[in-house]
Amino acid sequence: FISSGWANGDHQSCLWHRDRVAINDGVLALSLTADAKEDRDLSCAEIQTNARFGYGTFEVRMNVPYATGMNANMFTFIGAPQDRPHNEIDFGFINRQSPTLQTNFHTAQGSENTDLTAMPDDGAYRIYSFIWEPDRIRWFIDGDLIRETTGADLPNEPQKLYLSLWSTETLKDWMGVF
């Protein structure tokens, strides 16, 4: 499913639009451009699965663009739009002061767990994956474990898988100035 015609709130300075999603030579490309759509000066990209997935391994091979005020990510999510409790597991790539990977999870109980990892901005393709189990989540880069968290308050709802690229002009403390 290609998100198109809306944003996730006023904090998002771009509008999701299908024009920002392309497949060329078998490579999916998400873009963020100064192509005005409706009430936003910028347009950006998000895709999501129609299906919901439970525990298992989630993996993507991608080249991450780093820019201040921009968030590139791979995540799972289910929540209010699907009439379900909020559950989410994230790989978020930001560049407030330097290229950074933010891994976290959210649940309806309000649990949030964030970890920041410095990343190289070398344009390389890497394999980002996480293994989600009932009592553990493990995040990997190119097969190397970078983080593990355990406990009872982990996400437990089947979720959709998302890839997105978006910008902000208001969340400067988190993502930097766009």
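**Stop 1: the cavity lining**

Start with the lining of the largest cavity in this predicted model: by class, this lining has 7 nonpolar, 2 polar and 3 charged residues. To see the lining, select Met-62, Asn-63, Val-64, Tyr-66, Met-119, Pro-120, Asp-121, Asp-122, Gly-123, Ala-124, Arg-126 and Tyr-128. Try colouring your selection by class, and you should find the 7 nonpolar residues alongside the 2 polar and 3 charged ones.

How much space lies in the largest cavity? About 50 Å³. The structure holds 1 cavity of 30 Å³ or more.

Now show the strands as ribbons. Which strands each supply at least two residues of this lining? They are strand E5 (56-63) and strand E10 (125-133). Keep both in view for the next stop.

**Stop 2: the sheet with E5 and E10**

Add the strands that go with them. E5 and E10 belong to an open sheet of 4 strands, and walking across it you meet them in the order E5-E10-E11-E12, with antiparallel pairing. Look next at the edges, where E5 and strand E12 (144-150) stand. Each of these two has a single partner strand, so one side of each is left without a neighbour in the sheet. Neighbouring strands here are turned against each other by 15° on average, with direction ignored.

Zoom in on one pair within the sheet: E10 and strand E11 (residues 136-141). These two pair in the antiparallel sense over 6 bridges. For a landmark, select Trp-132 and look across to E11, where Ile-137 stands opposite.

**Stop 3: the disulfide**

Leave the sheet and select Cys-14 and Cys-44, showing their side chains as sticks. These two cysteines form a disulfide, with their sulfur atoms 2.1 Å apart. A disulfide is a covalent bond between the sulfur atoms of two cysteines. The count for the structure comes to 1 disulfide.

Which parts of the chain does the pair link? Distant ones: Cys-14 is in strand E1 (residues 14-16) and Cys-44 is in strand E4 (residues 42-48), 30 residues apart.

If your viewer reports torsions, check the one about the S-S bond of Cys-14 and Cys-44. The angle is about 85°, so this disulfide is right-handed.

Finally, switch on the surface. Are the two cysteines buried or exposed? Cys-14 counts as buried because its relative accessibility is 0%, and Cys-44 is buried too, with a relative accessible area of 0%. To keep the pair in sight, make the surface transparent and leave the sticks on.

Note on methods: Residues are numbered from 1 along each chain as its sequence is written. This is a predicted model: local features need pLDDT of at least 70, side-chain atom pairs count only at pLDDT 80 or more; totals for chains, interfaces and linings use all residues. Side-chain values use heavy atoms; hydrogens and water are left out. A disulfide is a pair of cysteine sulfur atoms within 2.5 Å. Buried means under 20% relative accessible area, exposed over 50%, partly exposed in between (1.4 Å probe, protein chains only). On a 1 Å grid over the protein atoms alone, a cavity is a set of points where a 1.4 Å probe fits but cannot get out, and a pocket is an open set with protein on both sides within 12 Å along at least five of seven lines; lining residues have an atom within 4 Å of a point. Grid points are joined across faces, edges and corners, and a volume is the space filled by probe spheres set on the points. Ala, Val, Leu, Ile, Met, Phe, Trp, Tyr, Cys and Pro count as nonpolar, Asp, Glu, Lys and Arg as charged, and the others, Gly among them, as polar. Two strands pair if DSSP finds at least two bridges between them. Axes are lines fitted to C-alpha atoms, for helices over the stretch in contact, and angles run from 0 to 180 degrees between N-to-C directions.
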